[in-house]
Amino acid sequence: MYAQNIILYGSSQEKNLERAYDIAIKHILGDSIGDIRHHILANTYPNFLLVKKEQNAGEISIEQIRSQIEFLSSKATLPLNKAVIIDCAEDLSRNAANAMLKTLEEKKTEDLIILTTDRLSSLLPTIRSRCLKINVFTDILSPDSYTEASKYIVSVLESKKRAIKQEFVGKITRFISTGCKNIPGFIRQVSQEELGNAREIVLLYSGYQLAKTKTVDMAAKFLKIQRMMILARNTHPDDQSLLAGCFILSV
């Protein structure tokens with residue numbers, strides 16, 4: 001529901017902001033082609049707005065968020081999507097945070113808002129609940145250094161001290177990449193002990209694709225699979241149908 005409200009966290013402020021720029025540029029351009037990065041970095045592109053704490057100010061003010069609201073509500077200068085980045089969102093004043101919450105709830109669906117923070121817990125719970133949360137360090141962990149999704153997934157699972165065979169990871173990633181044909185038949189080959197790992201592999205695969213494509217559509221898939229994972233862990237961890245749901249969402 002809120003896939004076009006994104007919180008990037010888990011890494012340095014610089015890395016969070018770098019990823020935010022990547023996603024914003026992809027969203028603004030859509031299927032169009034153009035080199036707008038230098039305009040985005042200079043905050044001079046008409047369909048883009050960067051909001052951050054002003055020099056010598058202690059926090060991001062409500063006036064700055066009101067300017068963002070005006071930007072989002074006005075007609076786009078160019079016939080492209082709009083994007084806003086709130087850098088270091090933990091700096092929002094109380095009034096600014098409340099105004100930000102209202103914006104997240106009421107903005108147009110085609111507009112993108114990205115909040116970056118290195119202190120996720122400092123954001124209002126109501127803001128966090130209305131955003132797709134992406135951990136820059138683990139969800140999109142330097143995938144550019146991996147040419148194969150399976151090698152990336154194994155490296156992440158090993159960093160979590162999880163023993164996993166690359167052969168099993170490759171089997172699942174190939175199944176997804178070829179369109180998940182005959183899901184019931186494939187799931188019958190997955191043992192009960194492997195169900196949890198299989199669901200996490202699907203989630204990591206979608207995170208890998210998100211990092212590669214940096215599209216909002218992929219972010220929406222990632223959010224839905226995250227929710228399916230939470231449902232599986234909290235309700236029926238041994239239910240094979242929840243793995244089937246993850247496969248369906250990944251296509």
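At what angle do helix α7 and helix α9 pack, and how far apart are their axes? In this predicted model, select residues 166-177 for α7 and residues 195-213 for α9, and you will see two helices that pack at an angle of about 55 degrees, with 10 Å between their axes. That angle makes α7 oblique to α9, and the crossing in which α7 passes α9 is right-handed.

Next, show the side chains where these two helices meet. On the α7 side, select F168, V169, I172, T173, I176 and S177, which meet N197, A198, I201, V202 and Y205 of α9. Sorted by class, this contact holds eight nonpolar residues and three polar ones, with no charged residues.

Now turn to the aromatic rings, of which the whole structure has five pairs. Begin with F175 and F247, an edge-to-face pair whose centres are 5.0 Å apart and whose planes stand at 80 degrees. Because F175 lies in helix α7 and F247 in helix α11 (residues 240-250), this pair ties together parts that are 72 residues apart in sequence.

Keep F247 selected and add F186, where the ring centres are 5.6 Å apart and the planes are at 85 degrees, so this pair too is edge-to-face. F186 belongs to helix α8 (residues 183-187) and F247 to helix α11, so that distant parts of the chain, 61 residues apart, are linked by the pair.

Finally, select F175, F186 and F247 together, since they form one aromatic cluster. Are these rings buried or exposed? F175 and F247 are both buried, F247 having a relative accessible area of 0%, and F186, at 8% relative accessibility, counts as buried as well.

Notes
Residues numbered from 1 in each chain as written. Predicted model: local features only at pLDDT ≥ 70, side-chain atom pairs only at ≥ 80, totals over all residues. Heavy atoms only, no water. Axes fitted to C-alpha atoms, helices over the stretch in contact; angles between N-to-C directions. Helix = DSSP H or I, 4+ residues; strand = E, 2+ residues; numbered from the N terminus. Parallel < 35°, antiparallel > 145°, perpendicular 65-115°, else oblique. Left-handed = near helix turned anticlockwise from the far one by under 90°. Contact = heavy atoms within 4.5 Å. Nonpolar A, V, L, I, M, F, W, Y, C, P; charged D, E, K, R; others polar. Phe/Tyr/Trp six-rings, centres within 6.5 Å; stacked < 30°, edge-to-face > 60°. Buried < 20%, exposed > 50% of the residue type's maximum accessible area, 1.4 Å probe, protein only.
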